[in-house]
Structure formats: C-alpha cells, structure tokens
Amino acid sequence: MPPVGTAPAATTPVTPDTAVTPVTAAVTAGPQDRPSAERLAARVLGLLLPHRRAADPEFEARPEHFPLQLAQLADFIAAGEPIVLTLPGFPCKSPNPAKVLGHLPDEGERLSLTFLDGLCAEIGRLYAPGARILICSDGHIFGDLINVPDDHIDAYSDALTAMIAREGLTRLDTFDLRAVLGDLPYDEKRARVHARYAPSVEELREQVLTEEETLRLYRGITRFLTEDTVGFTGTRSALQRECRRRAYGVIQRSRAWGELIAEHHPRAVRLSIHPQPAGASKFGIRLLAAADAWITPWHSAVLHRTDGDRELLRSAEAARLGRLVLRDGRPSHYECR
C-alpha cells in the first residue's frame, strides 16, 4: 500500500470537551540529533497523555513510562519526518437500535475525527513536520461475527471518508480491507487475513486464563456482543455461550488486523480505542467523554449538555434526556432540553 500522504496542514478547531494544551515554538523541519529527538518525543507524548484511555486509571503516567512509543516518536523526529500514528477502529455502527441512531457516521464520529485531527495540529505546533493519523477501519474484518452486513460497513466507511473531506480534516487518512485485497469477496478477504495473521483459539484461551488484559478484553467484547445481538430466539444462557464463542473470533480477527497494519506501517505509533496499561505496545486513546471506558462513538449516540459538554450514551438513554437533532436530514445527536 502507498505511504500515508502528507497533505498540507489546515487549521481545524478543537471542540471544548476535547481541547488539548496549546504549545508554541515548533521545532523546525529537518533531522534532529538523537538526544534532541528524544527530548522532543517526550514533549509530543505529553500531548497524548491527557487523552489516554488507561487500563490502570489510578496510575499517574508520565512519558518515561512509555519507552516503546518514545523510541518510535524519536525515530520520526530524528529523521525529520512527519509522525505517523495508526488507529484501528471506526468499524461500523452497532446493530442494536437502542444504542445508536442508524448505520452511518453521525456526531460521535464527527467530534472524534475532529479531535484526532486537532491533536495532530497540536503536535505540528510543537514539531513542524507534524503528525498524521491513519484510521484503519476494521469493520469488514469481523462483520460476519458481529452480524453487520458488508454493505452497511461499506456505507459507513465511505461516509466516514466523505466526512473527513467535508470537515477539512487534512491530517487524517483512511484504510480498510478494500485497500489490502481489492475487489475479492469479503468472505475470502476475511479468510485470507485470518489464515495469515490470526492466533489460534487455543493461544487465546491460554492468554485469557493467564493475562489480565486479555481477560478484560474478552469480557468486554463478550458484553458488547451480548448487548448488540438482536432477534436471538434462544435462552439467555445460550446467547451468552454463543457470544463467548464469537468473542474469541473477534479477538482473533482484531489481532490479525493489527498484525496486517503493523506489516504495512512497521514504524508507526500504534494507538488503540481500548484501555491499555502503561508500557503496552499500543497507546490507548480516549475519543470522547463517556462514563464507560469501553464505550465508543459506534456503540452510542452523542448528548450535547447545556453546559457545552458532550457525552457518549446509549441512544435510548440520550433520547430520555434530550431532543433529537438532524443534520443533512439524518439523525445526528441529542441536545438536552
């Protein structure tokens, strides 16, 4: 796949609930000596830390607690190149109508993407070559396991790309399974990626038993699958068994997608929408405020509160608290009455 583009920067406002600390005196473009690059890498990481989605929220994380990310950032800075970050996510909307407003991106995605672009802009004010985030949309990887049709995933992904262009978010790019395997049938694409990159179920079962992070991920995905399954006719216990089985498949495919992204972008700093502990290979990033650390814009709806804050909630809960707002004739978000 071709490298991430380097379109010229544009000024994009950051919403109040996602604003980042302003910085001045950007380091000029060009290679830096290694000690200078490492010092600047710590300052760049300092911009990410306030938005960290942490698996250890009580831990007071500092840049030195993330040696891998510091080394990756310093590599880009030492070379005088734009920093590239990859973010798997933005797959598709949940199929549960009690959680979302439809199957297309809405205010949740718009605010999240604007935040990410604004974060790159802040890095650019500190380090002149700037930063870019590659949104690696993973919906097609596990669409069959979460019961979302591929045409809905295509529509979501295409609308997401159009939203990025319409909002002028020039520091973001998109990447999905179509960019990797072209026009092959989606079942064949999934099978190829799974066969090449996915860990075995046996490996995952062992990790669930021995690794707290994998156990937390497995439980979180099982919960989402249970909540998002619509029209199941069996018993509650049968549904839970089915979702536990599918959770292993989702983790397999997610790991496979991560390996594929790493192969295409081996130098990139890896972000994650899931909570991550300090020192992990991925840096967890919080897109919008939410009471639940696992909730995302594609599992919820946005509520605009009267004090200007925005919060992600289940659509049914947001509807109880606010009135529906349309944008371009489609449901967008709720505003407190």
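Here is a short tour of this structure, from its confidence values to its sheet, its cores and two odd backbone spots.

First, a caution: what you're looking at is a predicted model. Its mean pLDDT is 89, and 91% of the residues reach 70 or more. The start of the chain is another story: over residues 1–24 the pLDDT stays under 50. The model has 56 contacts beyond four places in sequence for that stretch, so take them with the low pLDDT in mind.

**The sheet**

Next, find the open sheet of five strands, which pair in parallel and run in the order β3-β2-β1-β4-β5. Its edges are β3 (172–175) and β5 (283–284); each has a single partner strand, so one side of each has no neighbour in the sheet. At the β5 edge, β4 and β5 pair in the parallel sense over two bridges. Look there for L271, which stands opposite F283 in β5.

**The cores**

Nonpolar side chains tend to be buried together in soluble globular proteins. Here, the largest nonpolar core has 46 residues. I83, L87, F90, L113, L116 and I133 are the ones with the most contacts inside it. Several elements give two or more residues to this core: the helices α1 (34–48), α2 (67–79), α3 (107–126) and α5 (150–166), along with the strands β1 (83–89), β2 (131–137) and β4 (269–272).

I133 is a handy place to zoom in. Leaving out residues up to four places away in sequence, I133 touches L85, L87, L116, C120, R171, L172, D173 and L271. There is also a second, separate core, with 33 residues, and V193, L204, F224 and W257 are among them.

**Two unusual backbone angles**

Most residues other than glycine have a negative phi. Which residues have a positive phi here although they are not glycines? F90 is one, at about 50°, and D328 is another, at about 55°. Here they are side by side:

| Residue | Phi | Loop between | Relative accessible area |
|---|---|---|---|
| F90 | about 50° | β1 and α3 | 0% |
| D328 | about 55° | β8 (322–327) and β9 (330–336) | 67% |

Are these two buried or exposed? F90 is buried, with a relative accessible area of 0%, whereas D328 is exposed, at 67%. F90 also turns up among the residues with the most contacts inside the largest nonpolar core, and its place is in the loop between β1 and α3. D328, for its part, lies in the loop between β8 and β9.

Terms used: Residues numbered from 1 in each chain as written. Predicted model: local features only at pLDDT ≥ 70, side-chain atom pairs only at ≥ 80, totals over all residues. Heavy atoms only, no water. Core = buried A, V, L, I, M, F, W, Y, C linked by side-chain atoms within 4.5 Å. Buried < 20%, exposed > 50% of the residue type's maximum accessible area, 1.4 Å probe, protein only. Helix = DSSP H or I, 4+ residues; strand = E, 2+ residues; numbered from the N terminus. Contact = heavy atoms within 4.5 Å. pLDDT = per-residue confidence, 0-100. Pairing = 2+ DSSP bridges.
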